[in-house]
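Student: I am new to this structure and would like a close look at a single part of it. Please choose one element, and take me slowly through how it begins, what surrounds it and what it helps to line.

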Amino acid sequence: MTKYFEEIAIGETIELGTHTFKANDIIRFAEKYDPQPFHLSEEGAAKTHFGRLCASGWHTASVFMKLLVATNKRLIEAAQSEGRVPARVGPSPGFEKLKWIKPVFAGDTLTYQRVVTGKTESRSRPEWGIVHSDMIARNQNDEPVFSFKANVFVERRRD
């Protein structure tokens with residue numbers, strides 16, 4: 001995010017990028033962080049309700065974060081190269097309604113995006129506002145598979 005709070009429009013959408021979940025990456029992530037049978041092998045997954053290897057929800061969330069950070073870095077660098085001073089983004093006061101809507105299977109490609117849904121002026125920190133967004137990932141069939149509602153502090157213009 002490089003825009004100041006006042007410049008951000010409700011409905012604004014930012015494409016964060018895509019990621020294909022490969023079997024070996026799903027297994028490697030699961031071995032370290034979520035060792036459930038449907039994340040560890042095709043054979044183990046075949047015996048579960050999923051029926052085949054699928055990514056951990058935490059894996060899909062981690063990819064979201066990686067793409068968000070990369071997008072923000074790219075936007076900040078572009079603003080600086082144009083001679084603009086990008087707005088600071090503060091901490092997130094939290095998120096809500098995290099949903100893993102559909103399984104993400106080995107070979108699926110997700111497209112991640114952020115859609116601004118609202119803005120709140122901060123009463124306790126008048127130099128900041130809070131931007132509310134829907135974070136969404138869709139698979140290659142354009143089906144939502146992952147979502148949550150995010151809140152983040154964004155710097156207000158000082159002039």
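Tutor: Start with S56, which caps the N-terminal end of helix α4, a side-chain oxygen of S56 lying 3.0 Å from the backbone nitrogen of W58. The matching term is a polar contact, a pair of N or O atoms within 3.5 Å in which, within protein, one atom must be able to donate a hydrogen and the other to accept it, while residues adjacent in sequence count only if both atoms are side-chain atoms. Please keep in mind that this is a predicted model, in which local features need pLDDT of at least 70 and side-chain atom pairs count only at pLDDT 80 or more, whereas totals for chains, interfaces and linings use all residues. Residues are numbered from 1 along each chain as its sequence is written, and side-chain values use heavy atoms, with hydrogens and water left out.

S56 itself sits in the loop between α3 (42-46) and α4; helices (H or I, at least four residues) and strands (E, at least two) are DSSP runs, numbered from the N terminus. With a relative accessible area of 1%, S56 is buried, a word that stands for under 20%, with exposed meaning over 50% and partly exposed in between, for a 1.4 Å probe and protein chains only. If its neighbours within four places in sequence are left aside, S56 is in contact (heavy atoms within 4.5 Å) with F29, D34 and H39.

From this cap we can follow the helix along its length. The 25 residues of α4 (residues 57-81) should span 36 Å at 1.5 Å a residue, and the end C-alpha atoms are 36 Å apart, so the two values agree; the expected span is 1.5 Å times one less than the number of residues. After the helix comes G83, whose phi is positive, near 85°.

Which residues of α4 are buried? They are G57, H59, T60, A61, V63, F64, L67, L68, T71 and A79. The cover over these residues includes β1 (13-20) and α1 (23-33), together with β2 (94-100), β3 (109-121), β4 (128-138) and β5 (144-155). For the wider setting, the chain has 4 helices and 5 strands, and its elements run β-α-α-α-α-β-β-β-β from the N terminus on.

The helix also takes part in the largest pocket, which has a volume of about 460 Å³. Of the 22 residues that line this pocket, F64, M65, L68, S92 and A150 are the closest to its centre, and α4, β2, β4 and β5 each give two or more residues to the lining. The largest share, 6 residues, comes from α4. On a 1 Å grid over the protein atoms alone, a pocket is an open set of points with protein on both sides within 12 Å along at least five of seven lines, whereas in a cavity a 1.4 Å probe fits but cannot get out; lining residues have an atom within 4 Å of a point. Grid points are joined across faces, edges and corners, and the volume is the space filled by probe spheres set on them.

One of the strands named above, β5, holds V154, which counts as buried at 0% relative accessibility. In the segment after β5 lies R156, whose side chain makes a polar contact of 2.9 Å with the side chain of E6.
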